[in-house]
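Thanks for agreeing to look this over with me. My notes follow as numbered points, so please read them with the model open.

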Amino acid sequence: MKEIVVISGKGGTGKTSLTASFAMLAQDDIIVADCDVDAADMHLLLKPDFAKTEDFYSGELAIIDQDECNSCNLCFEVCRFDAITVNGRQYSVDQVNCEGCAYCSRVCAVEAITMQPQIAGKVFTSSIKTGATMVHARLSIGAENSGKLVAKVKKEAKNLAKTQNKSFVLVDGSPGVGCPVVSSLSGADYVVFVTEPTVSGLHDLERVNDLVKRFKIKSGCIINKYDINEDVSKQIQIFLSKENITHIANLPYVENFTKAMTLGKTIIEYDKILSEILRNSWKNILKDCCE
Amino acid sequence: MKIAIASGKGGTGKTTVATNLAKCLSETDNVVLADLDVEEPNSALFLKAELVKEEIKYKMIPHWNESKCESSGICQKVCNYNAIMLLGSQVLVFKELCHSCYACVELCPNNALVMKPERIGVLRYYHSEGLDFVEGRIDIGVEQTVPLIEKTKKFVDTHFKNTEIKLYDSPPGTSCPVIEATKDTDLVILVTEPTPFGLHDLTLSVETMRALGKRFCVVVNRWGLGNEDVLDYCKRENIEIIAKIDNNRRAAELYSKGDLLYDKLPDFKKEILNIKEYIFDRI
Amino acid sequence: MKILFTVKDNSWESQMDARFGRAEWFLVYDEANDTSDFIDNSDVNSQSHGAGPLAAQKVFELKPDVLITGNGPGGKAASVLNKMIIDIYTGAGEMTVKEAYNAFKNGKLAKE
């Protein structure tokens, strides 16, 4: 079983739309994992049925029991996150600032502070329009720790790949270079970069490639909207060649790309020209991944 | 006045709006722009600027003094992040997991731990023809971005105390880096695009801003792409759209080269001025 | 030789667990006495962060000579395992426990 992770560094390059297209091409042969958990969007194209939901717990928040509190001020003194609010003799926890370190609860002499586990999101297991299974999630507003939620989505997806005997897990990864991306990359067999021919796109691609190199994972790259700036496209191709990243394809800028999304369809269901390029791309990805 | 430019979805045009707005405002007012998207800070690509100052940024993590340690294991017991461990008679610290709460250092009965700085990234202060610009850039491999966002904001507060307008280019999404970037602002400008992804993520951003009790408004970028559902949504929710920037291939090309738009595209400049007007009239 | 396997279930019929830190169970097999112990790792699995090092701490206390797993321990877990004398074998993630044991005996697994 191989795991293919699609990432971009920069947001807005078309990563999610392309991953959804690959999911359409792969039909029932894969498990799909939407690990772009902070503002997940793949479900808008793949129409999951949200068959199973599970709460995701992560982190804790301190709660002060007003009846027990004796206003000794110790919690305020030890808190490094400005999370203890004092109003006269009333002590309360600022839920936005509290980082759940539990220091205050450990020092409270009258045991007035308890730590409450937080629901940080939800994990869903669904059937999508190809009949394949998709694991996806939603991170709660303001939650920390989307790396752990990503890990959970991947774990469920891999388990399903095992029980359903699927050869591939296709992962829509997170943007950026932080903890959720690291979590998306862990255990991956192949990385697909989706980039755009802009100075921002190249800048962010270089940074996220730096991260991928540490994991020593084989990778390929699709340049989306390549004709917006053919000079920068060429610069990207030089970069890919230098870094031993397979250049999978160039996609032209076509309005149908967004039109398809607006109609709730993947590109495969809407545009012939792009579909042809994506069909070949997917074939090449599978070949490159398994060599 | 602190104004954050944020979005749920990445790639909607946050940085485009932030850099062009900052440059335009700097022509007549005192502005400082802070790039708080510390994982991928790319505002600098659009601002021809001179580096004024560079500071390495650190977070504090515990260091073990073996000679004082008596293997009580209290450090591991009081750490809620599993960032410190007593293994046999040795204490190990996992710096990526540490949140710098100081519990282990302060509760160790033998004073065998002391906090020392550990590098997390770099802050750069630039000057770009009348505009002050500060960027936070996290080191690759550092997992927590919130500490660097905090320190970048603090730098701006300290060095630009008297600058009237502080613009924050925020990270995308709705999780805690965005909370950190927007929580102490007077206004959050949410940049969206009129597509299903854009609208879906906008609703999440709106939920976030309401949970924080922040004043916010919307800028629709790439108007003409997608559909008009975002207008209906904002009307239903009583959310003000303060600018609508037309979808424009020339704009995409200029952006791709790292050029600013407001001095080359009059229609775009008009929308930037709409944003300026909103800021000055209402805030 | 004492061998520790990362496994999904508490039986010799179980599949291997490819992960280390968040493995469901540890199976400790003592070849000399032909005894098997199953250790529940769900307490570590429930942790938000630091599962790898915590699992490694458990391994440190169990003192096996060999660790057989799938993907191999991540960086933080590895730094803990480096404090003990242990041989780590990877690549058994898709096997049953019995298959993994045989593969190990026949030199078919990758040594870290």
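1. A word on terms first: two strands pair if DSSP finds at least two bridges between them. Helices (H or I, at least four residues) and strands (E, at least two) are DSSP runs, numbered from the N terminus. With that in hand, chain C has an open sheet of six strands with mixed pairing, in the order 3-2-1-4-5-6. Its edge strands, each paired on one side only, are strand 3 (35-40) and strand 6 (110-111) of chain C.

2. Some housekeeping. This is a predicted model, in which local features need pLDDT of at least 70 and side-chain atom pairs count only at pLDDT 80 or more, while totals for chains, interfaces and linings use all residues. Residues are numbered from 1 along each chain as its sequence is written, and chains are lettered from A and ligands numbered from 1 in the order in which they are written.

3. Staying with chain C, strand 1 (residues 2-7) and strand 4 (residues 66-68) of chain C run parallel and are joined by three bridges. One place to check is C:I3, whose bridge partner in strand 4 of chain C is C:V66. Helix 4 (residues 97-105) of chain C lies across strand 1, strand 2 (25-30), strand 4 and strand 5 (87-90) of chain C, at about 135 degrees to strand 1 of chain C. Axes here are lines fitted to C-alpha atoms, for helices over the stretch in contact, and angles run from 0 to 180 degrees between N-to-C directions.

4. Chain B has an open sheet of nine strands, again with mixed pairing, in the order 3-6-7-2-8-1-9-10-11. Strand 3 (50-64) and strand 11 (241-246) of chain B are the edge strands. Direction ignored, neighbouring strands of this sheet are turned by 20 degrees against each other on average. Within the sheet, strand 6 (residues 113-128) and strand 7 (residues 131-138) of chain B run antiparallel and are joined by eight bridges; B:Y125 has B:V134 in strand 7 of chain B as its bridge partner.

5. Which helices should you look at against that chain B sheet? Helix 4 (residues 146-159) of chain B lies across strand 2 (31-35), strand 3, strand 6, strand 7 and strand 8 (165-169) of chain B, at about 160 degrees to strand 7 of chain B. Helix 9 (residues 266-282) of chain B touches strand 1 (2-6), strand 9 (187-192), strand 10 (216-223) and strand 11 of chain B, and its direction makes about 170 degrees with that of strand 11 of chain B.

6. Chain A has 10 helices and 11 strands. Buried residues (20 or more other C-beta atoms within 10 Å of their own, against 12 or fewer for exposed and in between for partly exposed, with C-beta atoms placed from the backbone) make up 56% of the 291 residues in chain A. Helix 7 (residues 199-215) of chain A agrees with expectation, because its 17 residues should span 24 Å (1.5 Å times one less than the number of residues) and its end C-alpha atoms are 25 Å apart. Its buried residues include A:L202, A:D204, A:R207 and A:V212.

7. Three residues deserve a glance for their backbone. Most residues other than glycine have a negative phi. A:K216, just after helix 7 of chain A, takes a positive phi of about 55 degrees. A:K225, in the loop between strand 10 and helix 8 of chain A, has a phi near 55 degrees and counts as buried because it has 22 C-beta neighbours inside 10 Å. B:S71, in the loop between strand 3 and helix 2 (74-78) of chain B, also has a positive phi of about 55 degrees; with 14 C-beta neighbours inside 10 Å, B:S71 counts as partly exposed.

8. How many residues does each chain give to the contacts? Residues are in contact if their C-beta atoms, placed from the backbone, lie within 7 Å. Chain B gives 46 residues and chain A gives 48 residues to the contact between them. Helix 6 (196-212) of chain B is among the contributing elements, and its nine residues are the largest share of the side of chain B that touches chain A. The contact of chain A with chain C takes eight residues from chain A and six residues from chain C.

Note on methods. Two residues are in contact if their C-beta atoms, placed from the backbone, lie within 7 Å.
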